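This report walks through a predicted model. It takes the core, then the strands, then the charged pairs.

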Amino acid sequence: MRKAALQLLPFLAVGAVGLFAAAPAVTATPALPALSALEAGRWQIRDLDTGAVRSICLGDRRVLMQLRHGSAQCAWTVVRSEAKEATVTFDCGNGSGRTALRVETPRLAQVDTQGIIDGLPYAVRAEARHAGSCR
């Protein structure tokens, strides 16, 4: 059933309910050069479909790859790793997903993520923009 639900994701118009869960606890994963290109500090994450915005202090840049899965410990598989683009799939205790990130500048990135969380599908397109230092 889970595999069938994942295959339907591109055809579903799913809102961003729960997009702004707590920052995830990311398990060890290989370094992704695209993430290393981003500045540390405070970032605003804006959902491009709903306009919802949240601010995060981005020390571990990998949290951008796992926006919806809260504090779940997820096992990652790197699908693509380049200087300005990264794609990972991940499997968590509460679901799974796939995220593609494109670095525009060290202060701007596009995030496209979809998956299943707590049995429900999600699909989110977001813009991540550097907003200053963490306080």
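## Nonpolar core

The largest nonpolar core has 28 residues. Ile45, Leu64 and Leu101 have the most contacts inside it. Many elements contribute to this core. Helix H2 (33-36) supplies at least two of its residues, and so does each of seven strands: S1 (41-47), S2 (53-58), S3 (74-81), S4 (85-92), S5 (95-105), S6 (108-117) and S7 (120-132).

Leu101 deserves a separate look. Neighbours within four places in sequence are set aside here. Leu101 is then in contact with Ala34, Leu35, Leu64, Met65, Lys84, Glu85, Ala86, Ala109, Gln110 and Val111. One of these partners, Leu64, is itself among the residues with the most contacts inside the core.

## Strands S4 and S5

S4 and S5 run antiparallel and pair over 8 bridges. Within this pairing, Asp91 stands opposite Ser96 in S5. The connection is a hairpin: 2 residues join S4 to S5.

## Strands S5 and S6

The next pairing is also antiparallel. S5 and S6 share 10 bridges. Thr99 has Thr113 in S6 as its bridge partner. Thr105 is partnered with Leu108 in S6. A hairpin with 2 residues between the strands links S5 and S6.

How enclosed is S6 by the rest of the structure? Of its 10 residues, 8 are buried, so S6 is largely enclosed.

## Strands S6 and S7

S6 also pairs with S7. The two strands run antiparallel, and 10 bridges join them. Gln110 has Glu127 in S7 as its bridge partner. Gln110 also appears among the contacts of Leu101.

S6 and S7 form a hairpin, again with 2 residues between the strands. Asp118 sits in the turn and has a positive phi of about 50 degrees.

## Ala131 in S7

Ala131 belongs to strand S7. Its relative accessibility is 30%, so Ala131 counts as partly exposed. Residues up to four places away in sequence are not counted in its contacts. On that basis, Ala131 touches Arg42, Trp43 and Gln44.

Cys57 gives a further distance for Ala131. The two residues are 74 apart along the chain. Their C-alpha atoms are separated by 9.6 Å.

## Salt bridges across the chain

The structure holds 7 salt bridges. Side chains of opposite charge can pair when their charged atoms come close.

Arg46 and Glu127 meet through their side chains in a salt bridge, at 3.4 Å from N to O. This pair links distant parts of the chain. Arg46 lies in strand S1, Glu127 lies in strand S7, and 81 residues separate them. Is each partner buried or exposed? Arg46 has 33% relative accessibility and counts as partly exposed. Glu127 has 13%, so Glu127 counts as buried, the cut-off being under 20%. Arg46 and Glu127 also belong to a network of salt bridges that includes Arg129.

Arg125 and Asp49 form another salt bridge between side chains, at 2.8 Å from N to O. Arg125 lies in strand S7 and Asp49 in the loop between S1 and S2, so the pair ties together parts 76 residues apart in sequence. Arg125 is partly exposed, with a relative accessible area of 40%.

## The Glu82 and Arg80 pair

Which side chain meets that of Glu82 in a salt bridge? The partner is Arg80, at 3.1 Å from N to O. Glu82 counts as partly exposed at 37% relative accessibility. Arg80 is partly exposed too, with a relative accessible area of 34%.

## Recap

Glu127 ties several of these threads together. Glu127 is the bridge partner of Gln110. Glu127 meets Arg46 in a salt bridge. Glu127 is also buried, at 13% relative accessibility. S6, for its part, pairs with S5 over 10 bridges and is joined to S7 by 10 bridges.

Definitions and conventions. Residues numbered from 1 in each chain as written. Predicted model: local features only at pLDDT ≥ 70, side-chain atom pairs only at ≥ 80, totals over all residues. Heavy atoms only, no water. Core = buried A, V, L, I, M, F, W, Y, C linked by side-chain atoms within 4.5 Å. Buried < 20%, exposed > 50% of the residue type's maximum accessible area, 1.4 Å probe, protein only. Helix = DSSP H or I, 4+ residues; strand = E, 2+ residues; numbered from the N terminus. Contact = heavy atoms within 4.5 Å. Salt bridge = Lys/Arg side-chain N within 4 Å of Asp/Glu carboxyl O. Pairing = 2+ DSSP bridges.
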